Every structure is written in C-alpha cells, then in structure tokens.
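Biologist: Mind going through this one with me? I have a few things I'd like to ask.

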Amino acid sequence: METVGVVGLGIMGAGIVEVFARAGLRVVGVDVDEAAVGRGRGHLELSTGRAVDRGRLAAEERAAILDRITLTPDRGALADVDLVVEAVPEVMELKRALFADLDRICKPSAVLATNTSSLSVTTIAAGTSRPSQVVGMHFFNPAPVMKLVEVVTTVLTADGLAARIADLAVRLGKTPITVGDRAGFVANRLLLGYLNHACRLLGEGVSGRDDIDVAMREGAGLPMGPFQLLDLIGLDTAYEICEVLFHETKDRRHAPSPLLRELVAAGRRGRKTGEGFYARTETPTLLDEGPKVAVTSVGIVGPHPEHLLERLDAAGFKATAGDIPDDADVVLAICPPPVVEAAVRLPHPDRVVGLHLAGDRVGEVASTVLTAPEVAAAARDLVRVVGRVPVACADRAGFVVDALLLPYLNDAVRMVESGYASFADVDTAMKLGCGYPQGPFKMLERLGLETVRDGLRALYAEYREPSFAPAPLLERLVAAGVRSTGDLTPNR
Ligand code: CAA
C-alpha cells in the first residue's frame, strides 16, 4: 500500500493523515468543504510545527511530510488509493452513506477501513459490495503519539487482510492487536466504563473534579485524570461510545452518566470546543482554603501507623496510635469504609477522617457524615506534612482510586474470561492506547490478586452493582494461589 486516503480531517483524521505521511506514504485527505479542509490543514501544520519547535523533526522533513499530503473536498480524488481510513463522526447513518460512496468511487482492490471507536464494523462492511475488504483500523488520540492500532475483523473479512493491515500498522511505527467486532473493542470497552464511572462519582458528590483527576494521576499513576482525558477524547464522542457499549452490554456502568449528557447538551464537548470539564488552559488544581482546626495532637487508628507517627512526630505534632487520647484534634482512621463505624466508637466522631494511602504519592482523606469540615481540612494538611498529595472524598467503598481502578481491572479479567482477548493483548492495548504505565494484569499482579478481589467484594457489597462482583476467573485465580497471569492461557 503506497497511497492512502483519509476521510474526515478533524483532530483524529488529521492525526492519522500525519501518521501515514510521516511513514512515507502519499495521503489524500478529504473533508466535506473547503472550510473543513482548511481546519484539517491547520491541525497538520500545528502538530508538525510543534514537532519542529521541539527539535523532534527537521524543517526539511516537515516540508517533505506536508508535500506527501493532498487535502481536498473532492471525494473523487480517492479513486486510485489502495486504502481509505474513515474518521468521520460516530453516526452509523453517516458512515454507511460514506462507505456506499467510497465503494462506488474507489478502485475494486482498495481496502476500506473505519476508525470507528465503537460502532459495528460488520454493519458498516455489510452495506458495501466488498464486505470482505472492510476492516476497522482504530487509532488513539493523539494519533501521532499513541502507539496502538486495533485491527478489527468481522465474520466477513477476507483471510489475510488483518495481517496486511497489521503489517501496515507496524510500518507506521505502531503496535497492532487484532480483535473481533465487539462494541468498544479492547481499549475503549475498558476505558469508557472507567471514565463514565468517574462522571458518576463526580455527579454523586463522592469527590470533586480536580480531586478525582489528581487521585487517578498521582495515586494510580495514569498519564491523565479521567476528566482531562474526557476533554481530550471529546465528551460527545465519549457519550456516543457509552451509548453503543450500553446497547451491547446492558451494563449500567456503560449507560452515559447524566452529567456527561448535560455537558454535551450544553455544547461543552471538550478541547475541540474549547471547554469541557475544564476550560482550555485550566489544569487540575487542589485549592485547600477555608477554616481549619488548629492541630497539636493527632491520633492514628489502624494497621502500620509507624511511618505516619514518625513523620508527624518529626514535624512537631503529638502523634499517638492505638489508644486515642481524648484531646486528639484530628484522628486519622486507616480503615475501610464505612469509616463512620470506627468513628462512632471514639470519643469525638466529628474529629475522625478516613485515610487511605493510594500508591506512593496520594492520601485520600474521607469525610464521614459526622466529620467537621474544619477537621477534614486540617487532616489534608497533615497528609501534606507526611509528603503526600491529599485528595478529598466521601466515606464510600473504595474511596476514589479503588472505586475507579478495581472495576476496570475486573472488566479486564472478564474480557479475557470471555475469550475476546488475551492477557497480553489487553495489557498492550491499555499501555500503548491509553499511555497507562502498566496494563491491567501487570497492575493486578502489583496490587495482589487477593487484595483486588477483596476490594471488589467490598464495592459490590456497598453499591450492589453486578459488574463489581469479582469475575469468576479472578475468584478462581485467587483460590488457585496464582500471583501472575503471565503463564496462563484464557478460559482455563
Ligand atoms: N498531537 C501531536 N503530538 C502531541 C500531541 C498532539 N495532540 N499532544 C502531545 N504530543 C506529543 C508532544 O509533542 C510530545 O512529543 P515529544 O516528546 O516528541 O516532544 C509528546 O507527545 C508528549 O507531550 P507533552 O510532553 O506535551 O505531554 P505529556 O507528556 O503530558 O503527554 C499525552 C501527553 C501523550 C497526551 C499523555 O498525557 C497521554 O498519554 N495521555 C493519555 C491519552 C489517551 O489515553 N489517549 C487515548 C484516548 S482514547 C481514544 O483515543 C480512543 C477513542 O476511540 C476515543
């Protein structure tokens, strides 16, 4: 394949054009009119210009890349290309109409690919006269950066085509995984359940926008918080993917959260419209203003208080573990929710907060229904004293980090259990598609399978959400004493 076409020059489409042109292919980029083509040219100039400014691309290389690209509103220019990748909005009727057109315009040997995030590739393929030559070629945003390409095959795909597209992806410097046609494929199916759940936690007041973003970035080690990522993906796109996922899975966690719907209806679609959860230049910021109680004496309840005691002592506080003195100004209860059950057994329940140390950098500070706000604010200062970033949240199962992370890990186990993808492909998808530092199975190993299973049981007990119940495969792996999924094959 030497000449390719890309239809749709929004942020994704323009990114895909750049990827092909950087790999030395000639690209014809098409959009509906001159204005849309102009916007696509703008994306390309900005992205390649930034690479030159950062010293990642020589000016002559940039010129050569741009020279390989032809942008036009005329679909007829696609008549001789070997492959077309479609990147138009996620509306099935739009895609079907476009593919019917491409089927008519493109030479008979051309492969037609869709970059759909979640729509049925089979339905798109079946609407053409060449269904065996239609595949999914799913890139990730920002396309020039993210290394994953999901190659989606259908029951109609010709033998050998997936391998050809996977080879092409390798030529583009990407890592392909080949998957069947299920809503959300691998990465979006795992990612959107998590992002939508973050919207629900925010909507239900379990924690704040910036707290949740900081918790997931600093506490779970993800490259972006969920709301920053939703702004990058586009809230309308995320909403559509959730709709399609819910339609297929009937899992309530995929039903688009009311908050997402409201923002989309309000036109706040994320970076592409300048504002989504955040305004364009805004970043997550934890402001901790307002009254705080003066703290001299700190009590610590729960296992392994040594490190906290040492740090608080060194900072000049009178810190006590075990028998909490009556005069403790703040009590940090390191215990699972409901923390309030521990609080009511202490002399001053209003002075008690839950504390959960998430990863190496975050301390989640949970206010119970009885905690005084001035105490919670002072507790967050204490978390800073012990060298962590404090995240405020409510006294709910999993607080923030585990409530978001553990169901995602469980979903990954279920995906392998269903035979849809292998452990290795799922890990690859999340690392290379979403920039996660580890795939879910490496993460499971690090956290401990049993710990994750127990956390899920607690989440399920509180929320009664069926998909929070530990996956049967996870239960079996724990029962078998397995610590690493590396040596296992699916469905054993
Ligand atoms: N276009 C081109 N290049 C970009 C870019 C863009 N929009 N944004 C960042 N980059 C490049 C930068 O130029 C930089 O490259 P160099 O190191 O060569 O200079 C590199 O990416 C890192 O950028 P920054 O230093 O500015 O920022 P960062 O380190 O914070 O990384 C990020 C930015 C790569 C986006 C990172 O935060 C990340 O991996 N985030 C997760 C993104 C993600 O999950 N994407 C998938 C979304 S789901 C999806 O797309 C599928 C779908 O169907 C909805």
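Biologist: Let's start with a proline: where is P338 found?

Modeller: Keep in mind that this is a predicted model. A cis peptide bond joins P337 and P338, with omega about 0°. As for its place, P338 sits in the loop between β11 (330-333) and α13 (339-343).

Biologist: And which peptide bond has omega near -5°?

Modeller: That one involves P142, which has its place in the loop between β6 (134-138) and β7 (148-152). Most peptide bonds are trans. The cis bond with that omega runs from N141 to P142.

Biologist: What is phi of F399 near?

Modeller: Look in the loop between β14 (389-394) and α15 for F399. Most residues other than glycine have a negative phi. F399 is not a glycine, yet its phi is positive, near 45°.

Biologist: OK, on to the helices. How do α15 and α19 lie, roughly perpendicular or roughly parallel?

Modeller: The axes of α15 (residues 401-417) and α19 (residues 472-479) come within 8 Å and cross at roughly 95°. Angles of 65 to 115 degrees count as roughly perpendicular. So α15 is, relative to α19, roughly perpendicular.

Biologist: Which class has four residues in the contact of α15 with α19?

Modeller: From α15 the contact takes N410, V413, R414 and E417, and from α19 it takes P472, L473, L474 and R476. By class, one residue is polar, three are charged and four are nonpolar.

Biologist: Now the ligand. Which residues come nearest?

Modeller: There are 22 residues around the ligand, and they divide into six polar, three charged and 13 nonpolar. Out of those 22, the ones that come nearest are R50, R56, H138, N141 and N188.

Biologist: How far is a polar side-chain atom of H138 from an oxygen atom of the ligand?

Modeller: R56 has a polar side-chain atom 2.9 Å from a ligand oxygen, and S117 has one at 2.9 Å from a ligand oxygen too. For H138, the distance from a polar side-chain atom to an oxygen of the ligand is 2.8 Å.

Biologist: How much of the ligand's accessible area does the protein cover?

Modeller: On its own, the ligand has 1,000 Å² of accessible area. The share covered by the protein is 70%.

Biologist: Last one: which element gives the most to the shell around the ligand?

Modeller: The elements giving two or more residues to that shell are α2 (34-53), α7 (187-203), α9 (226-233) and α16 (423-434). With three residues, the one that gives the most is α9.

Notes: Residues numbered from 1 in each chain as written. Predicted model: local features only at pLDDT ≥ 70, side-chain atom pairs only at ≥ 80, totals over all residues. Heavy atoms only, no water. Axes fitted to C-alpha atoms, helices over the stretch in contact; angles between N-to-C directions. Helix = DSSP H or I, 4+ residues; strand = E, 2+ residues; numbered from the N terminus. Parallel < 35°, antiparallel > 145°, perpendicular 65-115°, else oblique. Contact = heavy atoms within 4.5 Å. Nonpolar A, V, L, I, M, F, W, Y, C, P; charged D, E, K, R; others polar. Near = heavy atom within 4 Å. Polar contact = N/O pair within 3.5 Å; in protein donor to acceptor, adjacent residues only side chain to side chain. Areas by Shrake-Rupley, 256 points an atom, 1.4 Å probe, with all protein chains shown as cover.
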